[in-house]
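This report examines side-chain packing and charge pairing in a single protein chain. The sequence and structure are shown first, and the discussion follows.

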Amino acid sequence: MTSMPPTPRLAFDPLERAGELWEERIGDATAMRLATSIMRVQQLVIGRLDAALKPHGITFARFEVLRLISFSREGRLPLSKIGERLMVHPTSVTNAIDRLETHGLVVREPDPADRRRTFAALTPEGERVVEAATEALMDVQFGVAELDADDQQAAYTLLRGLRQVDFT
């Protein structure tokens, strides 16, 4: 297992202190504490994931695209489906595919049945990178190694309600 460098610790929890000040000056801090905690954890986890993926020349966002394509039955996906499944804007998908294509990890394929649709497919190098990157992420337990398996499952279950909200 690859270990992450220790994170410098403050003598106090800045989020807890912010919550105390919020309650003193504004009111109930429950929702603010949770939202701020989620955002901070997201920053930390993305940083860990991107560090694990850096030797493979990709970010976590690009890994998600590669892995999603690798899971497809046909070995390719329409760009529109990638955006839907990753819940990101089409522009983000286009940018990710542009970068992955530049690095020789995916190719665009026109849909012969519908000229408006374009597929993304992995190249052999893309297949190699996604497999190596997956191992790297597994080695760091996707950046959440501080939580045991039961806590990871509990957090996943707890956050399901927030994930399933339709923001469109």
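A polar contact is a pair of N or O atoms within 3.5 Å; within protein, one atom must be able to donate a hydrogen and the other to accept it. The structure discussed here is a predicted model. In this model, the backbone oxygen of V130 lies 2.6 Å from a polar atom of the T134 side chain, and because that distance is to be judged against a cut-off of 3.5 Å, the cut-off is stated here.

**T134 and its surroundings**

T134 belongs to helix α6. Is T134 buried or exposed? With a relative accessible area of 18%, T134 is buried, because the buried class covers values under 20%. Leaving aside residues up to four places away in sequence, T134 touches F63 and R67. Both of these contacts recur below: F63 in the nonpolar core and R67 in a salt bridge.

**The nonpolar core**

In soluble globular proteins, nonpolar side chains tend to be buried together. The largest nonpolar core of this model holds 27 residues, and the members that touch the most others are I58, F63, L66, I82 and I97. At least two residues of this core come from each of α2 (30–53), α3 (60–71), α4 (79–86), α5 (90–102), β3 (114–122) and α6 (124–139). Which element gives the most to this core? Helix α3 does, with six residues.

For I97, the contacts beyond four places in sequence are V65, L79, I82, V106, R108 and A120. One of these, I82, is itself among the core members that touch the most others.

**Salt bridges**

Side chains of opposite charge can pair when their charged atoms come close. How many salt bridges does the model contain? The count comes to 13, and three of the pairs are listed here with their closest N and O atoms.

| Pair | N to O distance |
|---|---|
| R67 and E131 | 3.2 Å |
| E84 and K81 | 3.7 Å |
| D114 and R116 | 3.1 Å |

The side chains of R67 and E131 meet in a salt bridge. This pair links distant parts of the chain, with R67 in helix α3 and E131 in helix α6, 64 residues apart. R67 counts as buried at 13% relative accessibility, whereas E131 is partly exposed, with a relative accessible area of 42%.

The salt bridge between E84 and K81 lies within one helix: both residues are in α4, three residues apart, which is about one turn of the helix. K81 is partly exposed, its relative accessible area being 31%.

In the salt bridge between D114 and R116, D114 is partly exposed at 24% relative accessible area, while R116 is exposed at 77%. Elsewhere, salt bridges that share partners join E16, E23 and R33 into one network.

**A nonpolar surface patch**

Nonpolar side chains also appear at the surface, where L34, L158, L159 and L162 make a patch of about 390 Å². Which helix gives the most to this patch? It is α7 (residues 149–163), with three residues. L159 is found in helix α7 and is partly exposed, with a relative accessible area of 31%. L159 can therefore be counted in a patch, since patch residues need over 30% relative accessible area.

Conventions:
Residues numbered from 1 in each chain as written. Predicted model: local features only at pLDDT ≥ 70, side-chain atom pairs only at ≥ 80, totals over all residues. Heavy atoms only, no water. Core = buried A, V, L, I, M, F, W, Y, C linked by side-chain atoms within 4.5 Å. Buried < 20%, exposed > 50% of the residue type's maximum accessible area, 1.4 Å probe, protein only. Helix = DSSP H or I, 4+ residues; strand = E, 2+ residues; numbered from the N terminus. Contact = heavy atoms within 4.5 Å. Patch = residues over 30% accessible without salt bridge, like charges linked within 9 Å, V, L, I, M, F, W, Y side chains within 5 Å. Areas by Shrake-Rupley, 256 points an atom, 1.4 Å probe, with all protein chains shown as cover. Salt bridge = Lys/Arg side-chain N within 4 Å of Asp/Glu carboxyl O.
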